[in-house]
Amino acid sequence: LDKGTSGVLVFALHSDAARQLGAAFESQATHKRYLALVRGWPEAQTRVDHPLARDPELPSSGQPQLQACTRLTRLARVEWPYASDARHPGSRHAVLLAQPEQGRRHQIRRHLKHIAHPILGDATHGKGPLNRVWAQWVGMSRLWLHAWQLQLPHPDDGHLLTLTAEPGPEWQ
């Protein structure tokens, strides 16, 4: 998980399990579901199919572009009475279910930036002025991305595990 992302995190207890879990992620035998609080009101259903460079911290030109697809479902739309832009009296946000099909570095964050709906609190791929006003309004500074659910084959017997971490009270 990215440093600021909350939620499900898997640890292997021995090297064989680590190899099997790594293979499951590599072969896309895992299914990941995240919650994200974003700027604006994206479409109810969106599929972002946009290749990404391997390392987001280097210029993309010259790097191979890797296939990356993220499915997004809007779960809620909200409008709050704080303004981060003088042109608008309030701010519109949405809660999304994000399901990356691959596991590229910062894939969800980069795809949401690509469609102009950055995650609140994202210092790398977000909007600085919005993040500062939002953090002041809610009284906390964090990346609003939560690894909600992970499905993967158990490394011992292969049966499907579903691991869930409910969002903390700050999501209320």
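In the hairpin of strand 8 and strand 9, G158 takes a positive phi near 80°, and 6 residues sit between the two strands. That's one detail of a predicted model, so keep that in mind throughout. The tour below goes from this hairpin to helix 1, then to strand 7 and its partners, helix 2, the nonpolar cores and a few single residues.

**The strand 8 and strand 9 hairpin**
- Strand 8 and strand 9 (residues 160–164) run antiparallel, with 5 bridges joining them.
- If you want a spot to look at the pairing, Q151 stands opposite T162 in strand 9.
- Strand 8 (145–153) also turns up elsewhere: it is part of what covers the buried residues of helix 1.

**Helix 1**
- Helix 1 covers residues 15–26, which makes 12 residues. From first C-alpha to last it reaches 16 Å, close to the 16 Å expected at 1.5 Å a residue.
- Its buried residues are A17, L21 and A24. Looking down the axis of helix 1, these buried residues fall within an arc of 55°, so they line one face of the helix.
- Flip to the other side of helix 1 and you find R19 and E26 exposed.
- Just after helix 1 comes Q28, with a positive phi of about 60°.

**Strand 7 and its partners**
- Strand 7 (residues 91–100) has 8 of its 10 residues buried, so it is largely enclosed by the rest of the structure.
- Strand 2 (residues 31–39) runs antiparallel to strand 7, and 6 bridges join the two. L35 has L97 in strand 7 as its bridge partner.
- Strand 6 (residues 69–80) is antiparallel to strand 7 too, joined to it by 10 bridges. Here A76 stands opposite V95 in strand 7.

**Helix 2**
- For helix 2, 6 of the 8 residues are buried, so this helix is largely enclosed by the rest of the structure.
- The buried ones are Q107, I108, R109, R110, H111 and L112.
- These buried residues pack against quite a list of strands: strand 2, strand 3 (45–49), strand 4 (52–53), strand 6, strand 7 and strand 8.
- Helix 2 is followed by A116, which has a positive phi near 65°.

**Nonpolar cores**
- The largest nonpolar core has 22 residues, and those with the most contacts inside it are V38, I108, L112, I119, W144 and L145.
- Strand 2, strand 7, helix 2 (107–114), helix 3 (128–138) and strand 8 are the elements that give two or more residues to this core. Strand 2 gives the most, with 5 residues.
- Leaving aside neighbours within four places in sequence, V38 is in contact with R92, H93, A94, L96, L112, H117, P118, I119 and L120.
- Apart from the largest core lies another one, of 5 residues, with V8, L21, L150 and L152 among them. L21 is also one of the buried residues of helix 1.

**T70**
- T70 lies in strand 6 and counts as buried at 1% relative accessibility.
- The T70 side chain makes a polar contact with the side chain of H111, at 2.8 Å. H111 is itself buried, in helix 2.
- Not counting neighbours within four places in sequence, T70 is in contact with T46, R47, V48, A98, Q99, P100, Q107, I108 and H111.

**S91 and S84**
- S91 has its place in strand 7, and at 6% relative accessibility S91 counts as buried.
- The side chain of S91 reaches the backbone oxygen of Y82 at 2.8 Å.
- Beyond neighbours within four places in sequence, S91 is in contact with V78, E79, W80, Y82, A83 and S84.
- S84 is in the loop between strand 6 and strand 7, and S84 is partly exposed, with a relative accessible area of 31%.
- With residues up to four places away in sequence left out, S84 touches S91, P129, L130 and V133.
- For a long-range reference pair, S84 and K32 are 52 residues apart in sequence and 32 Å apart in space, C-alpha to C-alpha.

Conventions. Residues are numbered from 1 along each chain as its sequence is written. This is a predicted model: local features need pLDDT of at least 70, side-chain atom pairs count only at pLDDT 80 or more; totals for chains, interfaces and linings use all residues. Side-chain values use heavy atoms; hydrogens and water are left out. Helices (H or I, at least four residues) and strands (E, at least two) are DSSP runs, numbered from the N terminus. The expected span of a helix is 1.5 Å times one less than its number of residues. Buried means under 20% relative accessible area, exposed over 50%, partly exposed in between (1.4 Å probe, protein chains only). The arc is that of the directions from the helix axis to the C-beta atoms. Contact means heavy atoms within 4.5 Å. Two strands pair if DSSP finds at least two bridges between them. A polar contact is a pair of N or O atoms within 3.5 Å; within protein, one must be able to donate a hydrogen and the other to accept it, and residues adjacent in sequence count only if both atoms are side-chain atoms. A nonpolar core is a set of buried Ala, Val, Leu, Ile, Met, Phe, Trp, Tyr and Cys residues joined through side-chain atoms within 4.5 Å.
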